[in-house]
Amino acid sequence: MTLTGALHLNFGGNPQGPAGTGKTETTKDLAKALAINCVVFNCSDGLDVLMMARFFSGLAQSGAWSCFDEFNRIGIEVLSVIAQQILTIQSAVRAKVKEFEFNEKLMPLNLRFGVFITMNPGYAGRTELPDNLKALFRPVSMMIPDYRLIAQIILYSEGFESASQLSTKMVKLYSLSSEQLSKQSHYDFGMRAVKSVLVMAGTLKRQNADLDENIVLIRAMRDSNIPKFLEHDVPLFEGIISDLFPGVVVPDINYGKLEQAVRNQLRIRKFQTPDKYVRKIIQLLETMLVRHGVMIVGSTGTGKTTCSKTLASALRQLHADGVLDPWYKDVTISTLNPKAITMGELYGETDMNTNEWTEGIVSKLVKDAVNDADDPKKKENKNWINFDGPVDALWIENMNTVLDDNKTLCLPNGQRIKLVET
């Protein structure tokens with residue numbers, strides 16, 4: 001209602017708050033309810049004034065909305081000019097004119113134009129919005145939502161009959177885990193983690209319609225959480241599950257052929273086959289079933305790269321042996337070190353003098369992967385892009401909209417590459 005009120009006053013909307021509180025989703029849902037096309041764009045510090053002018057002129061002419069994710073990552077000198085650009089369009093909308101002058105051109109105006117920005121104010125490397133830009137947006141503070149209610153609705157929609165009890169237990173499990181388990185930087189018990197578990201539970205429910213709903217949910221929670229826990233946290237997590245679901249025995253999934261293939265590939269590479277490492281490789285596949293973005297965490301020399309390469313070889317072997325499964329396919333791994341090159345070389349950059357766009361390595365790899373999905377011969381193959389190097393906010397934040405539900409790579413020249421569903 002606040003965002004709709006902002007539109008009535010011809011302002012933009014500015015939802016701001018921590019990660020996973022629904023800033024982008026709220027904007028997208030409002031656009032869906034009003035049947036307006038909403039373009040989600042991930043902002044980066046590589047955006048310039050010309051690119052934003054092109055973006056705004058397209059929105060003003062088509063009457064579409066845009067949601068600029070992480071807007072305060074744009075440089076302060078660019079933000080000041082953006083404020084002037086938005087003010088020009090908003091003034092034209094208020095005056096209800098048919099045409100207006102923008103960026104030294106006369107162009108038609110569609111009065112449904114709307115611009116929304118989302119921000120996460122607490123992060124390092126973020127710009128404080130200039131006052132002339134703040135005045136054009138109506139701020140909306142987002143708080144952490146009611147996980148139980150969201151979990152209950154998703155479980156009902158996925159076909160669970162006892163969704164109200166299961167959602168209560170699940171939220172309790174996550175709150176107890178965040179309190180009792182050790183504090184690690186890669187542990188996440190937020191909304192996105194809850195959502196991925198619920199979607200996985202729905203998939204398992206459809207595959208095993210006769211199985212007890214408690215067992216289905218426990219299996220989903222266990223398979224998506226255990227891979228990321230350190231060894232001493234696993235018994236604690238399993239203890240919390242047995243307290244919340246007393247007397248429920250969950251049978252282990254038999255990965256017989258996959259396990260044999262993994263052990264075989266390790267032997268081919270002249271490695272030993274310890275059970276814990278084989279289990280880790282299988283857990284990597286379990287995690288990939290739930291998330292399209294996966295991070296393998298560990299110290300140097302603990303076998304992170306070997307883990308993904310062995311899994312890819314095992315999947316290739318099973319595909320060659322004719323084992324029917326949607327995941328047992330040929331895998332192509334494209335490896336790059338994101339810290340060895342500049343941001344421009346990674347995502348592409350525009351030459352300031354000639355205004356010519358140069359393709360980046362990531363954009364090239366993603367485009368190739370998307371094109372392969374349309375090619376009948378390569379359609380079945382899996383494409384993995386492996387960022388083999390240390391993670392920091394500089395390069396990973398440009399992947400923000402790739403890793404969330406939008407699954408879209410946004411480039412500094414305004415291109416948006418949508419990942420295909422596999």
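Here are some short exercises on the predicted model shown above, each with a worked solution.

**Exercise 1: Confidence**

Find which helix has the highest confidence in the chain and which has the lowest.

*Solution.* Start with the whole chain: the average pLDDT is 88, and 99% of the residues score at least 70. Next, go to the individual elements. Helix H13, residues 304–320, comes out highest with 93, while H16 is lowest with a mean of 84. Keep one general caution in mind: predicted coordinates should not be read in detail where pLDDT is low.

**Exercise 2: Cysteines**

Work out how many disulfides the model has, and what surrounds Cys410.

*Solution.* First, recall the cut-off: two cysteine sulfur atoms must lie within 2.5 Å to count as a disulfide. Now take Cys410. The nearest cysteine sulfur belongs to Cys43 and is 8.4 Å away, so by the 2.5 Å cut-off Cys410 is in no disulfide. For the model, the count is zero. Then look at accessibility. Cys410 is buried, because its relative accessible area is 6% and buried means under 20%. Cys307 has 7% relative accessibility, so Cys307 is buried too.

**Exercise 3: Salt bridges across the chain**

Decide whether Glu158 is buried or exposed, and do the same for its partner Arg206.

*Solution.* Begin with the idea that side chains of opposite charge can pair when their charged atoms come close. The structure holds 14 salt bridges. In one of them, Glu158 and Arg206 bring their closest N and O atoms to 2.8 Å. This pair links distant parts of the chain, 48 residues apart: Glu158 sits in the loop between helices H6 and H7, and Arg206 in helix H8. Finally, classify each partner. Glu158 counts as buried because its relative accessibility is 16%, whereas Arg206 counts as exposed because its value is 54%.

**Exercise 4: Two further pairs and a network**

Say where Glu231 and Lys276 lie, and whether they are buried or exposed.

*Solution.* The side chains of Glu231 and Lys276 meet in a salt bridge, with N to O at 2.6 Å. Glu231 is in the loop between helix H9 and helix H10, and Lys276 is in helix H12, 45 residues apart. Both residues are exposed.

Now contrast this with Glu213 and Lys205, joined by a salt bridge at 3.2 Å. Glu213 is buried because its relative accessibility is 9%, and Lys205 is buried because its relative accessible area is 13%. To finish, find Glu259, Arg263 and Asp275, which are linked in a network of salt bridges.

**Exercise 5: Polar residues inside**

Find which backbone oxygen the side chain of Thr401 reaches.

*Solution.* Locate Thr401 in helix H17, residues 400–403. Thr401 is buried because its relative accessibility is 1%. Its side chain reaches the backbone oxygen of Thr408 at 2.9 Å.

Next, try Lys382 in strand S11. Lys382 counts as buried because its relative accessible area is 10%. The C-alpha atoms of Lys382 and Tyr328 are 9.2 Å from each other, although these residues are 54 apart along the chain.

**Exercise 6: A nonpolar patch**

Name the residues that form a nonpolar patch on the surface.

*Solution.* Look for Met295, Val297 and Val391, which together have about 290 Å² of accessible area. Val391 lies in the loop between strand S11 and helix H16. With 43% relative accessibility, Val391 is classed as partly exposed, because that class falls between the 20% and 50% cut-offs.

Definitions and conventions
Residues are numbered from 1 along each chain as its sequence is written. This is a predicted model: local features need pLDDT of at least 70, side-chain atom pairs count only at pLDDT 80 or more; totals for chains, interfaces and linings use all residues. Side-chain values use heavy atoms; hydrogens and water are left out. Patches are made of residues with over 30% relative accessible area and no salt bridge: like charges are joined within 9 Å, nonpolar side chains (Val, Leu, Ile, Met, Phe, Trp, Tyr) within 5 Å. Accessible areas come from the Shrake-Rupley method with a 1.4 Å probe; for residues, only the protein chains shown count as cover. A salt bridge is a side-chain nitrogen of Lys or Arg within 4 Å of a carboxyl oxygen of Asp or Glu. Helices (H or I, at least four residues) and strands (E, at least two) are DSSP runs, numbered from the N terminus. Buried means under 20% relative accessible area, exposed over 50%, partly exposed in between (1.4 Å probe, protein chains only). pLDDT is the predictor's confidence in each residue, from 0 to 100. A polar contact is a pair of N or O atoms within 3.5 Å; within protein, one must be able to donate a hydrogen and the other to accept it, and residues adjacent in sequence count only if both atoms are side-chain atoms.
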